[in-house]
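Welcome! Here is a short guided tour for anyone meeting this protein for the first time. Please keep the view open as you read.

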Amino acid sequence: MFDVVVVGSLNLDLVVSAERIPSPGETVTGTGYHEYPGGKGLNQAVAAARAGARVAMVGAVGDDGAGETLLAVLTDDGIDASDVVTVEGVPTGRASITVDAEAENSIVVVPGTNGHVSPAVALPNARVLLLQLEIPLPSVASVARRAADDGVLVVLNPAPAVALPDDLLAACSVVVPNEHEVELIGGVDAVLATGVGTVIVTRGAEGVSVHSRDARVDQPAFPVDPVDTTGAGDAFCGALGARLAAGDDVTDAVAFAAAAGALATTRHGAVPSLPRRSDIDAVLGPR
């Protein structure tokens, strides 16, 4: 059995650095360009593995160089990729990312093979299932319901945010939006009303708020000097999944995840910025 199974996207990230993100119709001069492995699914799988979990990835790549690169990333981090399928004739997903001098970003995602992840995908045995919304919504809903029926703890990161059916939310134990996404999915109270046990709202430098039906607990942000916020939310979700699978309560898992998210902002790129367990423990100190 795996600690964490991630069903989600795999992308090649095309990252441009600039002093500021251009307004509509405007051209600005960039200061740098890099290509990084990414996609919210792959990012969260790597984050969970580096946090100490035994992880399997389920998704799709193309029969192209980008697909080969992403499969190699999974292998290098010890992630089982047996259920990552290769789709012929369809390009691997891409994300175009602009990062400004204040470490804020703007992202456009082209799904490619991520749009071919089937509702009937294999679902390896696991303690925790991590889901996002960069694959078709029917696939997310099908996988969530099947996992919940099998007693798996289902964690949904609703990004990019869209209106979600109640039966999908009802299959989730934990939902992890950021401060913008939570409003787009109806707000904390509406999500809890569907049967979700815990809503964890990440708020960047303002920290994290953890909501249940009868309580709210705040986790302060860890102070860092950010250079790129790309991947910070995925670092949080992957680390959270790893600690929930290890048996931590939500409060301890959120503190661990918040430290991971903070560390991810101190390096450029998504996968390259995802911290390892030893680095996270060093930030947390004795517990």
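## The four-stranded sheet

Let us begin with a pair of neighbours: strands E2 and E3 run antiparallel and are joined by 8 bridges. To find a spot in this pairing, look for Ser-17, which stands opposite Gly-32 in E3. Please bear in mind throughout that the model is predicted.

Zooming out, we meet an open sheet of 4 strands with mixed pairing, and its order is E3-E2-E6-E7. E3 and E7 stand at the edges with a single partner strand each, so one side of each has no neighbour in the sheet. From one strand to the next, the twist averages 15 degrees. Between E6 and E7 runs a loop that holds Ala-103. Ala-103 is not a glycine, yet it has a positive phi of about 75 degrees.

## The nine-stranded sheet

Another open sheet is formed by 9 strands, again with mixed pairing. Reading across, the order is E5-E4-E1-E8-E9-E10-E11-E12-E13. Which strands stand at the edges? They are E5 (80-87) and E13 (216-219), and because each has a single partner strand, one side of each is left without a neighbour in the sheet.

Inside this order, E9 (residues 153-156) and E10 (residues 174-175) run parallel and are joined by 2 bridges. Here Val-155 stands opposite Val-174 in E10. In general, strands of a sheet pair through backbone hydrogen bonds, in either a parallel or an antiparallel way.

The loop between E9 and helix H4 (166-170) is also worth a visit, as Pro-160 is found there. The peptide bond leading from Ala-159 to Pro-160 is cis, with omega near -5 degrees.

## Two helices on the sheet

Next, follow helix H7, which lies across strands E1 (2-7), E8 (126-131), E9, E10, E11 (198-202) and E12 (208-211). H7 runs at about 165 degrees to E8. Helix H8 packs on the sheet too, touching E11, E12 and E13. The direction of H8 makes about 160 degrees with that of E12.

How do these helices meet? Two packed helices are described by the angle between their axes and the distance between the axes. The axes of H7 (residues 232-245) and H8 (residues 250-264) come within 7 Å and cross at roughly 150 degrees. The crossing of H7 past H8 is right-handed. On the H7 side, the contact is made by Ala-232, Ala-235, Phe-236, Ala-239, Leu-240, Arg-243 and Leu-244. On the H8 side, the residues in contact include Val-250, Val-254, Phe-256, Gly-261 and Ala-264. By class, this contact has 14 nonpolar, 1 polar and 1 charged residues.

## The largest pocket

Now for the empty spaces. Rolling a probe the size of a water molecule over the atoms shows where such space is left. The largest pocket has about 1,400 Å³ of space. Its lining is made up of 49 residues, and those nearest its centre are Asn-105, Asn-178, Thr-229, Ala-232 and Gly-233. Ala-232 also appeared above, as part of the contact of H7 with H8.

Which element gives the most to the lining of the largest pocket? That is H7, with 5 residues. At least two residues each come from E2, helix H1 (40-50), strand E6 (93-99), strand E7 (105-110), H7 and H8. The lining of the largest pocket divides into 22 nonpolar, 17 polar and 10 charged residues.

## A cavity

Finally, how many cavities of 30 Å³ or more does the structure hold? There is 1, and the volume of the largest cavity is about 40 Å³. Strands E2 (11-18) and E3 (30-38) are the elements that give two or more residues to its lining, so our tour returns to the pair where it began.

The lining of the largest cavity consists of Val-15, Ser-17, His-34, Tyr-36, Val-99, Asp-228, His-268 and Gly-269. By class, these residues divide into 3 nonpolar, 4 polar and 1 charged. Among them is Ser-17, the residue that stands opposite Gly-32 in E3.

Note on methods: Residues are numbered from 1 along each chain as its sequence is written. This is a predicted model: local features need pLDDT of at least 70, side-chain atom pairs count only at pLDDT 80 or more; totals for chains, interfaces and linings use all residues. Side-chain values use heavy atoms; hydrogens and water are left out. Axes are lines fitted to C-alpha atoms, for helices over the stretch in contact, and angles run from 0 to 180 degrees between N-to-C directions. A crossing is left-handed if the near helix is turned anticlockwise from the far one by less than a right angle, and right-handed if clockwise. Contact means heavy atoms within 4.5 Å. Ala, Val, Leu, Ile, Met, Phe, Trp, Tyr, Cys and Pro count as nonpolar, Asp, Glu, Lys and Arg as charged, and the others, Gly among them, as polar. Two strands pair if DSSP finds at least two bridges between them. On a 1 Å grid over the protein atoms alone, a cavity is a set of points where a 1.4 Å probe fits but cannot get out, and a pocket is an open set with protein on both sides within 12 Å along at least five of seven lines; lining residues have an atom within 4 Å of a point. Grid points are joined across faces, edges and corners, and a volume is the space filled by probe spheres set on the points.
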